[in-house]
Amino acid sequence: MSRELMKAGRDAPVAVQDAPQAPALDQMALLMRGMADMIRTMGERMTSLEQQVRMLKTITPAQASAISAEIKRHTMELCERYQMPGCEKLVADAIRRAVKFDAGIRTMRELPSCEYDKIMLLISSWGSYKAIKAIKAKGDTKNGEQ
């Protein structure tokens, strides 16, 4: 066949048979689609794994101190605003419960470091009316008994 091509020259048309190659190309396209799907799935799994690894890193001692200071500051602010002297511990506990619930943790030491900014915003903006009303009622009953 190569001799025939050489004799035909450059300008002469040569017939190419496409029939045997078509199934092979279809099969290769199918394999490539499968590989693309695998790569996409692997990327999604890697993203998920990266998020899980980030969640394993807990806050640093400095971040824990900053969180505690922010809780104390906001507690004092709320107790002063709602005129609840002596209820600081109850308000701080309510804020800590809200933080633990939001972060899905059991203790404050388990806070993931990637959630630090979000938790600081939560603390500074916390002001559950229902919780404050209950705390104020508890404080009033304690003050009334004394």
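These legends describe close-up views of a predicted model.

**View 1. A nonpolar patch lies on the surface.** Six side chains build this patch: Ile 39, Met 42, Met 46, Leu 49, Val 53 and Leu 56. The patch covers about 640 Å². Met 46 is one of its members. Met 46 sits in helix α2, which spans residues 21-56. Its relative accessible area is 52%. Met 46 therefore counts as exposed, because the cut-off for exposed is over 50%.

**View 2. Arg 40 and Asp 37 form a salt bridge.** The N to O distance is 2.8 Å. Both residues belong to helix α2, 3 residues apart, so about one helical turn separates them. Arg 40 is partly exposed at 48% relative accessible area. Asp 37 is also partly exposed, at 40%.

**View 3. Arg 73 pairs with Glu 77 in helix α3.** Their side chains meet in a salt bridge of 2.8 Å, N to O. Helix α3 runs over residues 61-81. The two residues are 4 apart, about one turn of the helix. Arg 73 is partly exposed, with 39% relative accessible area. Glu 77 is partly exposed too, with 31%. The pair belongs to a network of salt bridges that also links Glu 70 and Arg 81.

**View 4. Lys 118 and Glu 115 form a salt bridge.** Their closest N and O atoms are 3.3 Å apart. Lys 118 is partly exposed, at 43% relative accessibility. Glu 115, by contrast, is buried, at 17%. That value falls under 20%, so Glu 115 meets the cut-off for buried.

**Whole structure. Salt bridges are counted here.** A search of the entire model finds 8 of them.

Notes:
Residues are numbered from 1 along each chain as its sequence is written. This is a predicted model: local features need pLDDT of at least 70, side-chain atom pairs count only at pLDDT 80 or more; totals for chains, interfaces and linings use all residues. Side-chain values use heavy atoms; hydrogens and water are left out. Patches are made of residues with over 30% relative accessible area and no salt bridge: like charges are joined within 9 Å, nonpolar side chains (Val, Leu, Ile, Met, Phe, Trp, Tyr) within 5 Å. Accessible areas come from the Shrake-Rupley method with a 1.4 Å probe; for residues, only the protein chains shown count as cover. A salt bridge is a side-chain nitrogen of Lys or Arg within 4 Å of a carboxyl oxygen of Asp or Glu. Buried means under 20% relative accessible area, exposed over 50%, partly exposed in between (1.4 Å probe, protein chains only).
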